[in-house]
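The following note sets out points on helix packing and burial for a colleague's consideration. Please read each point alongside the model.

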Amino acid sequence: MLALAENTSLTPQLGHLYVVATPIGNLADLTDRAYAILAAVDLIACEDTRTTGVLLTRLGLHRKLIAYHEHNEMGKAEELAELIKHGRSVAIVSNAGTPVLSDPGFRVVRACRRRNLPVIPVPGASALTAVLSASGLPTNGFLFSGFLPSKSVARVSFLQKYHDFDYTLALYESCHRVNKFASEIVATLGPGRVICIAKEVTKLHEAFFVGLAADVEARLLKTSLKGEFVVLIAPKDFVP
């Protein structure tokens, strides 16, 4: 029988870092616990203060924000960890979804762990797990590689390296490159490889393109390529 914790966890504790997942599109996906933590921590470290500011405004919250992103995270991680060490409660969020997964956050978590400070996950929305759960591709094991390099030769090299990988490959891709990447999959892994390309998950224009790589590539050519994309590639011998 599932044991559920009492709601005491809704109150942030002093000297703790909270890794808080925020919606990837649908505001209703924010958990009660995430709302409570964001409403009460001393400080929210976010990837973009404007984006998080909009979210907080829609939630009716007015909180102190500090920018924490790929360009300043090395210095800010130590600063935030010291604040936590001296008793402040801090939440870290990304622009959307779960922090640290192809988003800033790793360094501040590491800095806190090095100081033996409590790091508390507040789980919620994740584009990666959302697409895996709804794709119909194997999920008994997968390799998540975030965003591949912008150079075509590097992406092709990755596909060649994992041509015979036994588990599903999971990637994020830019709207500017997703068509090109689909073509590279067809050329490198073959037109019959089963893939899933999902866009704008939980948003108004959510769409899943699942099937043989050549068919998915053709369908992409007929759709708007605005938005965020997740790409899954099934193992070579997978039959849908």
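1. The first point concerns helix H5, in a model that is predicted. What covers the buried residues of H5 includes five elements listed here by name: strand S6 (142-147), strand S7 (168-173), strand S8 (194-199), strand S9 (207-212) and strand S10 (229-233).

2. Helix H5 spans residues 127-135, and its buried residues are Ala 127, Leu 128, Val 131, Leu 132 and Ser 135. These residues lie on the same side of H5, because the arc they cover around the axis is only 125 degrees. Just after H5, Gly 136 adopts a positive phi of about 85 degrees.

3. A general remark precedes the helix pairs. The packing of two helices is described by the angle between their axes together with the distance between those axes.

4. Helix H3 (residues 73-85) and helix H4 (residues 106-114) form one such pair: their axes come within 8 Å and cross at roughly 40 degrees. Angles from 35 to 65 degrees fall outside the parallel and perpendicular classes, and H3 and H4 are therefore oblique to each other. Their crossing is right-handed. On the H3 side, the contact is made by Glu 73, Met 74, Ala 77, Glu 78, Leu 80, Ala 81 and Ile 84, and on the H4 side by Arg 107, Val 108, Ala 111 and Cys 112. Sorted by class, the contact of H3 with H4 comprises 8 nonpolar and 3 charged residues, with no polar ones.

5. Helix H6 (residues 152-161) packs with helix H7 (residues 178-189) at an angle of about 45 degrees, and their axes are 10 Å apart. H6 and H7 are therefore oblique to each other, and their crossing is right-handed. H6 contributes Ser 152, Arg 155, Val 156, Leu 159 and Gln 160 to the contact, while H7 contributes Lys 180, Phe 181, Glu 184, Ile 185, Thr 188 and Leu 189. By class, the contact of H6 with H7 holds 5 nonpolar, 3 polar and 3 charged residues.

6. Is Thr 52 buried or exposed? This residue lies in helix H2 (residues 49-59). Thr 52 has a relative accessible area of 4% and is therefore buried, the cut-off for that term being under 20%. Apart from neighbours within four places in sequence, Thr 52 is in contact with Cys 46, Leu 65, Val 93 and Ser 94.

Key: Residues numbered from 1 in each chain as written. Predicted model: local features only at pLDDT ≥ 70, side-chain atom pairs only at ≥ 80, totals over all residues. Heavy atoms only, no water. Axes fitted to C-alpha atoms, helices over the stretch in contact; angles between N-to-C directions. Helix = DSSP H or I, 4+ residues; strand = E, 2+ residues; numbered from the N terminus. Parallel < 35°, antiparallel > 145°, perpendicular 65-115°, else oblique. Left-handed = near helix turned anticlockwise from the far one by under 90°. Contact = heavy atoms within 4.5 Å. Nonpolar A, V, L, I, M, F, W, Y, C, P; charged D, E, K, R; others polar. Buried < 20%, exposed > 50% of the residue type's maximum accessible area, 1.4 Å probe, protein only. Arc of directions from axis to C-beta.
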